[in-house]
Amino acid sequence: MARIQNEEGIILIAALILLFIVSLFLFTLVSWHSNLYRTFDSIETYYEKETKKIMGQGG
């Protein structure tokens, strides 16, 4: 136990680096998810408009 206390902050630095990597991964994942659903929403809006246009023409 005495050795852990005398590592002069190496565990802290390693924990901060791990926290940075995990945070970056989660930010990237959330950003990708947001972009994906924004794309799906725009496709849905396009097809809704086209469907309304076709139904308005009676065909």
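Q: How far apart are the end C-alpha atoms of α2, and what should its 47 residues span?
A: Helices here are DSSP runs of H or I with at least four residues, and strands are runs of E with at least two, numbered from the N terminus. The expected span is 1.5 Å times one less than the number of residues, so the 47 residues of α2 should cover 69 Å. That agrees with the model, where the end C-alpha atoms of α2 are apart by 69 Å.

Q: What kind of model is this, and how are its residues numbered?
A: Numbering starts from 1 along each chain as its sequence is written. The model is predicted, with local features needing pLDDT of at least 70, side-chain atom pairs counted only at pLDDT 80 or more, and totals for chains, interfaces and linings using all residues.

Q: How many helices and strands are there in the protein, and what share of its residues count as buried?
A: The protein has two helices and zero strands. Buried means under 20% relative accessible area, exposed means over 50%, and partly exposed is in between, with a 1.4 Å probe and protein chains only. Of the 59 residues, the share that counts as buried is 0%.

Q: Which residues make the nonpolar surface patch, and what is its area?
A: A patch takes residues with over 30% relative accessible area and no salt bridge, joining nonpolar side chains (Val, Leu, Ile, Met, Phe, Trp, Tyr) within 5 Å and like charges within 9 Å. One of the members is L18, which sits in helix α2 (residues 10-56) and is exposed at 54% relative accessible area. The full set is L18, V22, F25, L26, L29 and W32, and the patch comes to about 620 Å².

Q: How many aromatic pairs are there, and at what angle do the planes of Y37 and F40 lie?
A: Rings of Phe, Tyr and Trp (its six-membered ring) pair if their centres lie within 6.5 Å; planes under 30 degrees apart are stacked, over 60 edge-to-face, and the rest tilted. That rule gives two aromatic pairs. Y37 and F40 are an edge-to-face pair, with centres 5.8 Å apart and planes at 85°.

Q: Why are Y37 and F40 about one helical turn apart, and what is the class of each by accessibility?
A: They are three residues apart in helix α2, so about one helical turn separates them. Y37 has 44% relative accessibility and F40 has 43%. Y37 therefore counts as partly exposed, and F40 is also partly exposed.

Q: What kind of pair do the rings of Y46 and Y47 form?
A: Y46 is partly exposed at 47% relative accessibility, whereas Y47 is exposed at 53%. Their ring centres are 5.2 Å apart and their planes are at 75°, so the pair is edge-to-face.

Q: Which side chains meet in a salt bridge?
A: A salt bridge needs a side-chain nitrogen of Lys or Arg within 4 Å of a carboxyl oxygen of Asp or Glu, and the structure holds one. Its two residues lie three apart in helix α2, about one turn. The N to O distance is 3.5 Å, and the partners are K53 and E50.

Notes:
Side-chain values use heavy atoms; hydrogens and water are left out. Accessible areas come from the Shrake-Rupley method with a 1.4 Å probe; for residues, only the protein chains shown count as cover.
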